[in-house]
Every structure is written in C-alpha cells, then in structure tokens.
Amino acid sequence: MDALRDARRSWRAEQARTHAGLPEPEPDTTLVIGHWDYLGTGYSPGAALLAAHVWHRRELERQFVAEEGC
C-alpha cells in the first residue's frame with residue numbers, strides 16, 4: 001500500500017512540476033520558490049457583522065441544547 005501512495009505522490013509532484021513549468025529536479029540541489037500575495041486584512045464591515053450574527057446564533061443553539069431544550 002505504501003508503494004502505491006509513493007507512486008501517486010511522485011506522479012502528482014511530476015504533474016505539478018510540469019504544469020508550473022519548473023525544470024527537472026537535480027539530486028544535489030534544492031529548489032526554493034518564494035511567492036507572497038496580499039489577501040486582505042480580514043472581514044469587511046458587512047462580513048464582520050454577518051460573522052458575528054452567525055456566531056451568536058450558534059451560541060444560542062448550543063445553550064438551548066445544553067439546557068435540554070425541545
């Protein structure tokens with residue numbers, strides 16, 4: 001079973017390498033790729049309000065179940 005997993009891992013790595021256009025790996029070197037993307041600073045005001053509402057509703061549901069509600 002481990003041999004099959006290793007084969008799949010190798011195949012996926014090779015496919016990803018080919019798709020990304022990376023060179024063939026050399027046994028005596030290490031390929032280092034660094035890339036940063038700015039993804040934002042958190043929730044927008046509207047999304048924060050929605051997230052707080054969802055959290056509050058979940059807490060009310062947990063309390064209801066904990067108190068053996070209907």
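Arginine 9 is exposed, with a relative accessible area of 51%, where exposed means over 50%, buried under 20% and partly exposed in between (1.4 Å probe, protein chains only). The structure is a predicted model in which local features need pLDDT of at least 70 and side-chain atom pairs count only at pLDDT 80 or more, while totals for chains, interfaces and linings use all residues. Residues are numbered from 1 along each chain as its sequence is written, and side-chain values use heavy atoms, with hydrogens and water left out.

Arginine 9 forms a salt bridge with aspartate 6, the closest N and O atoms being 2.8 Å apart; a salt bridge is a side-chain nitrogen of Lys or Arg within 4 Å of a carboxyl oxygen of Asp or Glu. Aspartate 6 is partly exposed at 40%. The two residues are three apart in helix H1, about one helical turn; helices are DSSP runs (H or I, at least four residues), numbered from the N terminus. Arginine 5 and aspartate 2 likewise pair in H1, at 3.7 Å, N to O.

Arginine 17, also in helix H1 (residues 2-20), is buried because its relative accessibility is 13%. Its side chain meets that of glutamate 14 in a salt bridge of 2.4 Å, N to O, and Glu14, Arg17 and Glu24 are linked in a network of such bridges. The side chain of arginine 17 also reaches the backbone oxygen of leucine 22 at 2.7 Å, a polar contact being a pair of N or O atoms within 3.5 Å; within protein, one must be able to donate a hydrogen and the other to accept it, and residues adjacent in sequence count only if both atoms are side-chain atoms.
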